[in-house]
Amino acid sequence: MRRLALLLVCAAGCGGPAQETRKDPVPAPAPAAVVVQTPVADEGVAVEYRTQAEGHALIEVASPAGARIDVREGQALIGRDTAPMTIKAQSDHWYAIAARLPSGAAREAKVQARGGQIASVRFMDAAPQGPQAMSREAFKGFVQTMDEEAGDEAKLNLLRSAASHQWFTSAMAGVLIDHVVHRENKLVAVQVLKDRILDRENAFWLYQHFTYREDKAKVQEMLER
């Protein structure tokens, strides 16, 4: 009996501390919240999304017409054109869009492509725009009309009529010169167009539309007047 009593006392004494040192499991730390930073577009940029039936992700630069647009993903150039323009994009990828507006102002925006939607980007050109080059669609129609004219004299008369109220870029002027056949008439076309070119700093590109050195010299002389 004495030995049994000692065993009971020992059991009671040993069980007490074991219960006091028992600890509840420490809960696992909650995962850190993921912070998504949304790139902020420059002032003067509006982006709207609309659904489209094909299911592709598209980016559209809708305005202003004639703005020069570069679209990049990282360092890779994805598209380069004048507005309005549309490119196919990859869903959930971010794209940097740089625009040189008709007024000369620069704008930038970062846009996320979304599957089954068109991201429509509009740049606002708040500065006074002044003269504007013929729109891309109007220019295509004008070139087609030139091609339908029989002979250089008729083409030059059409150019004179257009130059009385229209403005052109250097690139447009080069295209029009190429649609005139004879070299002496190409020089006349330069004379007609030179004062209606908006980006005169790029007019040196017109030299490449002439083969002979003496013609290039005459073009230079006309542009420097």
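Start by selecting P64, which sits in the loop that links β2 (57–63) and β3 (68–73). The model you have open is a predicted one. Look at the bond that leads into this proline: the peptide bond from S63 to P64 is cis, and its omega is near 0 degrees.

**A second cis bond**

Now select P84. Which loop holds P84? The loop between β4 (76–82) and β5 (85–89) does. The peptide bond from A83 to P84 is cis as well, with omega near 0 degrees.

**Along to D92**

Go on to D92, in the loop between β5 and β6 (94–100). D92 is not a glycine, although its phi is positive, at about 70 degrees. Is D92 buried or exposed? Its relative accessible area is 53%, and exposed residues are those over 50%, so D92 counts as exposed.

**The whole chain**

Zoom out and colour by secondary structure. The protein has six helices and eight strands. Followed along the sequence, their pattern is α-β-β-β-β-β-β-β-β-α-α-α-α-α. Of the 225 residues in the protein, 33% are buried. Consider also the contacts between residues at least 6 apart in sequence: 63% of them join residues at least 24 apart.

**Helix α4**

Select residues 170–178, which form helix α4. The buried residues here are S170, M172, A173, G174, L176 and I177. What do these buried residues of α4 pack against? They pack against α2, α3 and α5.

Click on A171, which also lies in α4. A171 has a relative accessibility of 57%, over the 50% cut-off, and therefore counts as exposed. Add A203 to the selection and draw a line between the two C-alpha atoms. A171 and A203 are 32 residues apart along the chain, and their C-alpha atoms are 8.3 Å apart.

**α4 against α5**

Keep α4 and add helix α5, residues 183–193. The axes of α4 and α5 come within 9 Å and cross at roughly 150 degrees. An angle over 145 degrees counts as roughly antiparallel, so α4 is roughly antiparallel to α5. Their crossing is right-handed.

Show the side chains where the two helices meet. A173, L176, I177 and D178 are the residues on the α4 side, and K186, A189, V190 and L193 are those on the α5 side. Sorted by class, this contact of α4 with α5 has six nonpolar residues, two charged residues and no polar ones.

**α5 by itself**

Hide α4 for a moment. Which residues of α5 are buried? They are N185, K186, L187, A189, V190, V192 and L193. The elements that cover them include α3, α4 and α6.

**α5 against α6**

Add α6, residues 213–224. The axes of α5 and α6 are 10 Å apart, and the two helices pack at an angle of about 15 degrees. An angle under 35 degrees counts as roughly parallel, so α5 is roughly parallel to α6. This crossing, too, is right-handed.

Show the side chains again. From α5 come R183, L187, V190 and Q191, and from α6 come E214, D215, K218, V219 and M222. By class, the contact of α5 with α6 has four nonpolar, one polar and four charged residues.

**The nonpolar cores**

The last stop is the interior. In soluble globular proteins, nonpolar side chains tend to be buried together. The largest nonpolar core in this model has 28 residues, and the members that touch the most others are F142, L159, L176 and V219. Which helices each supply at least two residues of this core? They are α2 (136–148), α3 (152–163), α4, α5 and α6.

Select F142 and display what surrounds it. Leaving aside residues up to four places away in sequence, F142 touches M134, L158, L159, A162 and L176. Apart from the largest core lies another one, of 22 residues. To find this other core, select A57, I59, M85 and I87, which are among its members.

Conventions. Residues are numbered from 1 along each chain as its sequence is written. This is a predicted model: local features need pLDDT of at least 70, side-chain atom pairs count only at pLDDT 80 or more; totals for chains, interfaces and linings use all residues. Side-chain values use heavy atoms; hydrogens and water are left out. Axes are lines fitted to C-alpha atoms, for helices over the stretch in contact, and angles run from 0 to 180 degrees between N-to-C directions. Helices (H or I, at least four residues) and strands (E, at least two) are DSSP runs, numbered from the N terminus. Angles under 35 degrees count as roughly parallel, over 145 as roughly antiparallel, 65 to 115 as roughly perpendicular and the rest as oblique. A crossing is left-handed if the near helix is turned anticlockwise from the far one by less than a right angle, and right-handed if clockwise. Contact means heavy atoms within 4.5 Å. Ala, Val, Leu, Ile, Met, Phe, Trp, Tyr, Cys and Pro count as nonpolar, Asp, Glu, Lys and Arg as charged, and the others, Gly among them, as polar. A nonpolar core is a set of buried Ala, Val, Leu, Ile, Met, Phe, Trp, Tyr and Cys residues joined through side-chain atoms within 4.5 Å. Buried means under 20% relative accessible area, exposed over 50%, partly exposed in between (1.4 Å probe, protein chains only).
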